[in-house]
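Welcome! Let's take a friendly walk through a protein model, one part at a time. Have the sequence and the 3D view ready.

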Amino acid sequence: MCGIVGYIGPRSVVPVLIDGLKKLEYRGYDSAGIAVIEQGKVLVAKSVGRLSKLEEKLEAYTPEANIGIGHTRWATHGRPSDVNSHPHTDCTGVIAVVHNGIIENYLELREWLEAQGHKFKSETDTEVLPHLVEHFYDGDLEKAVQQVITKIEGSYAMAVISKNEPDKIVAARKDSPLVVGLGDGEYFLASDIPATLAHTRDNFILNDGEIAVITADGVKITDAQGNKITKEVFHVQWDAVAAEKGGYPHFMLKEIYEQPRAIRETFSSRISADNKRVVLNELSLTEEEIKDLRHIFIVACGTAYHAGVVGKYVIEDLARIPVTVDIASEFRYRNPIIHPGDLVIVISQSGETADTLAALRESKKAGARILAVTNVVGSSVAREADDVLYTWAGPEIAVASTKAYSTQLIAMFLLGIHFAQVRGTIDAAYAERLITGMREIPDQVQTILDDLEDLQSFLKKYAECQNTFFLGRGLDYAVAMEGCLKLKEISYMHAEAYAAGELKHGTLALIVDDVPVVALATQTDLYDKMVSNIKEVKARGAQVIGVTFKGNTELQKVVDHVVYIPETENVLAPVLTVIPLQLLAYHIAVARGCDVDKPRNLAKSVTVE
Ligand code: M6R
């Protein structure tokens, strides 16, 4: 977690750092800080709380400098406080460091440094870094950083400045993202591209073990031993406007409304013009290898995991390959039985989620073939996988994932249909219906968004509730899990998702008068069973919002309110069903006065375990 920025060039550094940090607040926002070199001195300003608190502090005195680093924090070691905020400095305030990640052996290093007389001020793991640089500094900052990284274990993206070399930022990464933005006579450093995009579209994406030495004259990239590396420039296709709110009150709402485009872009180059075939040219998996697949694992966290649950249903149903879907933090430690040749699909919007990355590496060690489904080009997951199927959702800024999820579902449909076509487990007519159905999805999503504009007033009455339940069977259950997570993370309302048939084995005890229940009823084969389950909760006094296909005139007789979605193939329904659930979560969160884009305790990119 945490976002780091840096700048060196002719501009006044403070506004550049603050603007960059604003773009990275999704990575953490419990404190923020900057360090600059002004007239040969390292000046540090930091504050617990949102970035605006730091800005207030800087109003009293804004340093005039042309080089600096900045940080927005999501606390891991040490509670959010002024003193635990980054940047951290060495004993004499000569060196300042910002860091994203976790130094796992920091206690041992701290004891070692303290024994040599170093004085620590904070409770953080990060503070060992400036003291280590101080320890190794012998007139060459770059060399000192090289030595530091031989001592530390864990993950890091770090940026270091020193008053002894006031024209230089030294940055390094391992398991945490870092990019260097290449301007004209000026250079930017950031955890993610949106922070550099207002200034340049050209970047170097640092790989693990690489060190960047940035001066106003240029950027030198080396390996950990100091050997020079020639990097290719990564040119960003999307512009800064794509990363802004574009008139919407929140990024989340903007991203919900971007789904028709995101979905279309994700499938359009991957289906044949005659709607007969899915074509995944980017995959190196051969037809023989697909036919030989015996077991697929899908591994991911949070919303991406929920997309994986849909993926399991879809791939098993269409391609008849057994799929195990796992939460990455469980998978990596449960000694999974992976055979060489098994396919592990990792799903990650950011491509930087620590547990997902670790699961990928474990699977690779076990001989599995790795297919990454990710939204971020050049992310760690993308670089370490054997194959990548990119979702083309564009930058997702809100912590609550929406367009990333719907495009991940499209990726699951594409894989399910492709594998099924290669293995001959679905006939040509059904494949064509599915592909045609997929083509219709963007317009259908738009219809739902247009129809549900009045949802806001209807939902107000639910904003005061304390408990909610989401029910479904089969694919509807998979979507219920996602709707439930969305509501919890942004509205702080307790919610549980349940496989409707399981309710009477315990949870039904919680259904009392007026408890809101969202019941998804789109799966034809399971429809009658679902209606029975709805009647069970109605009989206990629940207020039921049903979601079903247009044309179903029956559901309204058993529920209190029906939300209709356009008709589609059952397998494709999740990408439509989730839209009202995203809007439900959004409007309830707004009605409850929550900070929709930056929910408490969370961060967009979870790069720590
Ligand atoms: O970047 P990733 O897709 O790997 O992130 C996984 C989860 O952290 C993420 O989906 C999280 O659950 C979202 N906040 C949910 O909205």
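How many bridges join strand β20 to β21, and do the two run parallel or antiparallel? Six bridges join them, and the two strands run parallel. Keep in mind as you explore that this is a predicted model.

## A parallel sheet

To find β20 in the sequence, look at residues 467-472. One pair to pick out here is T468, which stands opposite A495 in β21.

These two strands belong to an open sheet of five strands. Reading across it, the order is β21-β20-β22-β23-β24, and the pairing is parallel. At the edges you will find β21 (494-499) and β24 (561-565), each of which pairs on one side only. On average, neighbouring strands of this sheet are turned by 20° against each other, ignoring direction. As you trace a strand, here is a handy rule: in a regular strand the side chains alternate between the two faces of the sheet.

## An antiparallel sheet and a hairpin

Now compare that with another open sheet, built from six strands in the order β5-β6-β7-β8-β12-β13. Here the pairing is antiparallel. Its edge strands are β5 (88-89) and β13 (218-222), and each of them pairs on one side only. Two bridges join β5 to β6, which covers residues 95-100. Within this pairing, H88 has V97 in β6 as its bridge partner.

Next, look at β2 (residues 31-38) and β3 (residues 41-48), which run antiparallel and are joined by eight bridges. The two strands form a hairpin with two residues between them. Beside the turn, E38 has K41 in β3 as its bridge partner. In the turn itself, Q39 has a positive phi of about 45°.

## Unusual backbone spots

Most residues other than glycine have a negative phi, and most peptide bonds are trans. With that in mind, two more places deserve a look. Y492 is not a glycine, yet its phi is positive, at about 60°. You can find Y492 in the loop between α16 and β21.

The other place is the peptide bond from H86 to P87, which is cis, with omega near -5°. P87 sits in the loop between β4 (67-73) and β5.

## Around the ligand

Where does the ligand lie with respect to the domains? Domain 2 (253-449) and domain 3 (452-591) both give residues to the shell around the ligand, so the ligand lies between them. Two helices, α9 (302-319) and α16 (475-491), each supply at least two residues of this shell. There are 15 residues around the ligand, and those that come nearest are S348, Q349, S350, T353 and E489. By type, the shell divides into six nonpolar, seven polar and two charged residues.

Now zoom in on the oxygen atoms of the ligand. One oxygen atom is 2.6 Å from an N or O atom in the side chain of S348. For Q349, a polar backbone atom is 2.6 Å from an oxygen atom of the ligand. K486 joins in with a polar side-chain atom that lies 2.9 Å from an oxygen atom of the ligand. How much of the ligand's accessible area does the protein cover? On its own the ligand has 410 Å² of accessible area, and the protein covers 91% of that.

How values were computed
Residues are numbered from 1 along each chain as its sequence is written. This is a predicted model: local features need pLDDT of at least 70, side-chain atom pairs count only at pLDDT 80 or more; totals for chains, interfaces and linings use all residues. Side-chain values use heavy atoms; hydrogens and water are left out. A residue is near a molecule or strand if one of its heavy atoms lies within 4 Å of it. A polar contact is a pair of N or O atoms within 3.5 Å; within protein, one must be able to donate a hydrogen and the other to accept it, and residues adjacent in sequence count only if both atoms are side-chain atoms. Accessible areas come from the Shrake-Rupley method with a 1.4 Å probe; for residues, only the protein chains shown count as cover. Helices (H or I, at least four residues) and strands (E, at least two) are DSSP runs, numbered from the N terminus. Ala, Val, Leu, Ile, Met, Phe, Trp, Tyr, Cys and Pro count as nonpolar, Asp, Glu, Lys and Arg as charged, and the others, Gly among them, as polar. Domain bounds come from an automatic or database domain assignment. Two strands pair if DSSP finds at least two bridges between them. Axes are lines fitted to C-alpha atoms, for helices over the stretch in contact, and angles run from 0 to 180 degrees between N-to-C directions.
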